[in-house]
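The following exercises guide a new reader through one protein model. Each task is followed by a solution that proceeds step by step.

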Amino acid sequence: MIPTWVSAALVVLAALAVGAAALTALGARRSGPAAGAVGFAVLVTLAPVAVRLPGRGATAGALIAALAVACAAWAWRRRERAGEGSDARVALAAAVLVVAVASLPFLFNERTGVLGEGIYTNDHA
């Protein structure tokens with residue numbers, strides 16, 4: 001369960017970094033709450049192209065990680081400090097609540113994977 005949470009957190013952090021950089025590059029004064037959605041859209045658009053490069057998944061992972069780190073560094077330098085603290089605390093509390101509630105079925109089943117898999121098969125005879 002912990003590796004699933006870590007990989008989900010990495011995807012969310014990459015989406016936030018790429019989204020914040022994309023929005024500020026497009027002229028937004030603050031990245032705002034749309035940064036995660038914009039960043040995820042950018043990552044989802046770039047990943048299928050990157051996975052076709054030589055090296056397949058390893059190359060795509062390295063390129064997306066490099067993009068996320070570069071965008072995080074760029075957004076960090078350009079961030080606005082005024083008023084971001086309260087927004088970040090509310091967003092973090094909402095994210096923790098959503099992850100906790102979404103994890104309950106997996107915790108109750110004591111495994112990760114497709115929910116309900118293994119209970120029934122297609123053969124109901």
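**Exercise 1. Confidence in the model**

Determine which element has the lowest mean pLDDT and which the highest.

*Solution.* The structure is a predicted model. Step one concerns the whole protein: its mean pLDDT is 82, and 84% of its residues reach 70 or more. Step two turns to the elements: helix α2 (residues 35-50) has the highest mean pLDDT, 93, while α4 has the lowest, 77.

**Exercise 2. The length and sides of α2**

Compare the expected span of α2 with the distance between its end C-alpha atoms, and establish where its buried residues lie around the axis.

*Solution.* Step one is the span. The helix has 16 residues, and at 1.5 Å a residue, counted over one less than the number of residues, α2 should span 22 Å. Its end C-alpha atoms are 22 Å apart, so the two values agree.

Step two is to list the buried residues of α2, which are Ala 35, Gly 39, Leu 43 and Ala 50. These residues cover an arc of only 55° around the axis, and therefore they lie on the same side of α2.

Step three considers the surroundings. The buried residues of α2 pack against α1 and α3, whereas the face turned away from the buried side carries the exposed residues Ala 37, Thr 45 and Val 49.

**Exercise 3. The largest nonpolar core**

Identify the residues of the largest nonpolar core and the element that gives its largest share.

*Solution.* Step one is the membership: the core has seven residues, namely Ala 14, Ala 15, Val 18, Ala 21, Leu 43, Ala 68 and Cys 71. Step two assigns them to elements: α1 (2-25) and α3 (56-78) each give two or more residues, and α1 provides the largest share, four residues. Step three examines one member: beyond residues up to four places away in sequence, Ala 68 touches Ala 14, Ala 17 and Val 18.

**Exercise 4. Two residues of α4**

Decide whether Ser 103 is buried or exposed, and do likewise for Pro 105.

*Solution.* Step one places Ser 103 in helix α4 (residues 84-109). Its relative accessibility is 5%, and because buried means under 20%, Ser 103 counts as buried. Step two looks at its surroundings: a polar atom of the Ser 103 side chain lies 2.7 Å from the backbone oxygen of Val 99. Leaving aside neighbours within four places in sequence, Ser 103 is in contact with Met 1 and Trp 5.

Step three takes Pro 105, also placed in helix α4. With a relative accessible area of 32%, Pro 105 is partly exposed. Pro 105 is 10 residues from Leu 115 in sequence, and their C-alpha atoms are 7.7 Å apart.

Methods:
Residues are numbered from 1 along each chain as its sequence is written. This is a predicted model: local features need pLDDT of at least 70, side-chain atom pairs count only at pLDDT 80 or more; totals for chains, interfaces and linings use all residues. Side-chain values use heavy atoms; hydrogens and water are left out. Buried means under 20% relative accessible area, exposed over 50%, partly exposed in between (1.4 Å probe, protein chains only). A polar contact is a pair of N or O atoms within 3.5 Å; within protein, one must be able to donate a hydrogen and the other to accept it, and residues adjacent in sequence count only if both atoms are side-chain atoms. Contact means heavy atoms within 4.5 Å. A nonpolar core is a set of buried Ala, Val, Leu, Ile, Met, Phe, Trp, Tyr and Cys residues joined through side-chain atoms within 4.5 Å. pLDDT is the predictor's confidence in each residue, from 0 to 100. The arc is that of the directions from the helix axis to the C-beta atoms.
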